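Trainee: I have a model open and would like to take a close look at one part of it with you. Could you walk me through what you see there?

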Amino acid sequence: MNPQLEGIEAITGTYAFDLRVSNRTLKLNRFFWHMIRAENRETYLSDPVAAMTAAGLTPEEQALVQAQDWLGLVRHGVNFFVLEKFARVVRKTNLEVYALMRGETLDEFMATRRVPTMR
């Protein structure tokens with residue numbers, strides 16, 4: 001659709017979020033966006049399946065959410081900015097999500113960062 005994205009799939013680890021992907025994953029991205037509202041967070045936490053079903057998520061999408069498959073969700077077409085909202089609901093920090101996306105523990109991930117030590 002966008003000529004600037006031609007060949008992007010050949011770049012390992014790159015998952016373009018364009019209009020086509022946005023349209024295909026609209027319900028899932030809206031589901032995560034709506035986590036900004038306390039009532040939606042409470043509904044999800046009390047009955048995840050009912051919340052996801054009410055949002056119209058496909059069985060594949062529901063499985064990705066339930067597994068908290070962060071990289072799988074991005075590959076599927078979730079915008080990371082709305083995924084962050086869901087991470088807070090399940091009590092994950094961005095750093096934990098980044099580590100999990102790399103298949104690492106938080107400690108393993110942090111060991112790869114140039115973080116100043118506290119004195």
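Trainee: Let me start with Gln68: is Gln68 buried, partly exposed or exposed, and what is its relative accessible area?

Mentor: Happy to look at it with you, and please keep in mind that this is a predicted model. Gln68 is partly exposed, because its relative accessible area is 25%, and buried would require a value under 20%. The residue sits in the loop that links H5 to H6. Its backbone deserves a glance too: phi of Gln68 is positive, near 50 degrees, in a residue other than glycine. Most residues other than glycine have a negative phi.

A second residue invites the same look. Arg91, in the loop between H7 and H8, is not a glycine either and has a positive phi of about 60 degrees. Arg91 counts as exposed, because its relative accessible area is 74% and the cut-off for exposed is over 50%.

Now let us step back to see where these loops belong. The chain has nine helices and zero strands, so read along the sequence its pattern is α-α-α-α-α-α-α-α-α. Along the principal axes, the C-alpha atoms fill a box of roughly 50 × 40 × 20 Å. Of the 119 residues, 29% count as buried. The accessible surface comes to about 8,200 Å², and carbon and sulfur atoms hold 55% of that area. Among contacts with a separation of 6 or more, 46% join residues 24 or more positions apart.

The helices on either side of the Gln68 loop both contribute to the interior. The largest nonpolar core has 21 residues, and those with the most contacts inside it are Phe31, Phe32, Tyr44, Val65, Leu73 and Phe86. Two or more residues of this core come from each of H2, helix H4 (48-54), helix H5 (59-66), helix H6 (70-76) and H7. H7 gives the largest share, five residues. For a sense of how these parts meet, follow Val65: leaving out residues up to four places away in sequence, Val65 touches Leu28, Phe31, Phe32, Tyr44, Met52, Leu57, Leu73 and Phe86.

Aromatic rings appear in this core as well. The whole structure holds seven aromatic pairs. One of them is formed by Phe32 and Phe86, which are tilted, with 5.0 Å from centre to centre and 45 degrees between the planes. Phe32 lies in helix H2 (residues 26-33) and Phe86 in helix H7 (residues 80-89), so this pair ties together parts that are 54 residues apart in sequence. Phe32 counts as buried because its relative accessibility is 0%, and Phe86 is buried with a relative accessible area of 0%. Phe32 and Phe86 also belong to one aromatic cluster, together with Phe31, Tyr44 and Trp70.

The start of H5 makes a good contrast with this interior. Pro59, in helix H5, is exposed, because its relative accessible area is 70% and exposed means over 50%. Its C-alpha atom is separated by 27 Å from that of Glu104, 45 residues apart along the chain. In helix H2 you will find Lys27, which touches Ala55, Gly56 and Leu57 when residues up to four places away in sequence are not counted. The C-alpha atoms of Lys27 and Pro48 are separated by 15 Å, with their positions 21 residues apart along the chain.

Finally, follow the chain beyond the Arg91 loop into helix H8 (residues 94-101), whose buried residues are Asn94, Val97 and Ala99. Their cover includes H6, H7 and helix H9 (106-111). Tyr98 is also in helix H8, but Tyr98 is partly exposed, with a relative accessible area of 30%. Together with Leu95 and Leu106, Tyr98 makes a nonpolar surface patch of about 220 Å². After H8 comes Gly103, with a positive phi near 75 degrees. Close by in the numbering, the side chains of Arg102 and Glu104 meet in a salt bridge, at 3.1 Å from N to O. The count for the structure is one salt bridge. Arg102 counts as partly exposed, because its relative accessibility is 42%.

Terms used. Residues are numbered from 1 along each chain as its sequence is written. This is a predicted model: local features need pLDDT of at least 70, side-chain atom pairs count only at pLDDT 80 or more; totals for chains, interfaces and linings use all residues. Side-chain values use heavy atoms; hydrogens and water are left out. A salt bridge is a side-chain nitrogen of Lys or Arg within 4 Å of a carboxyl oxygen of Asp or Glu. Buried means under 20% relative accessible area, exposed over 50%, partly exposed in between (1.4 Å probe, protein chains only). Rings of Phe, Tyr and Trp (its six-membered ring) pair if their centres lie within 6.5 Å; planes under 30 degrees apart count as stacked, over 60 as edge-to-face and the rest as tilted. Helices (H or I, at least four residues) and strands (E, at least two) are DSSP runs, numbered from the N terminus. A nonpolar core is a set of buried Ala, Val, Leu, Ile, Met, Phe, Trp, Tyr and Cys residues joined through side-chain atoms within 4.5 Å. Contact means heavy atoms within 4.5 Å. Patches are made of residues with over 30% relative accessible area and no salt bridge: like charges are joined within 9 Å, nonpolar side chains (Val, Leu, Ile, Met, Phe, Trp, Tyr) within 5 Å. Accessible areas come from the Shrake-Rupley method with a 1.4 Å probe; for residues, only the protein chains shown count as cover.
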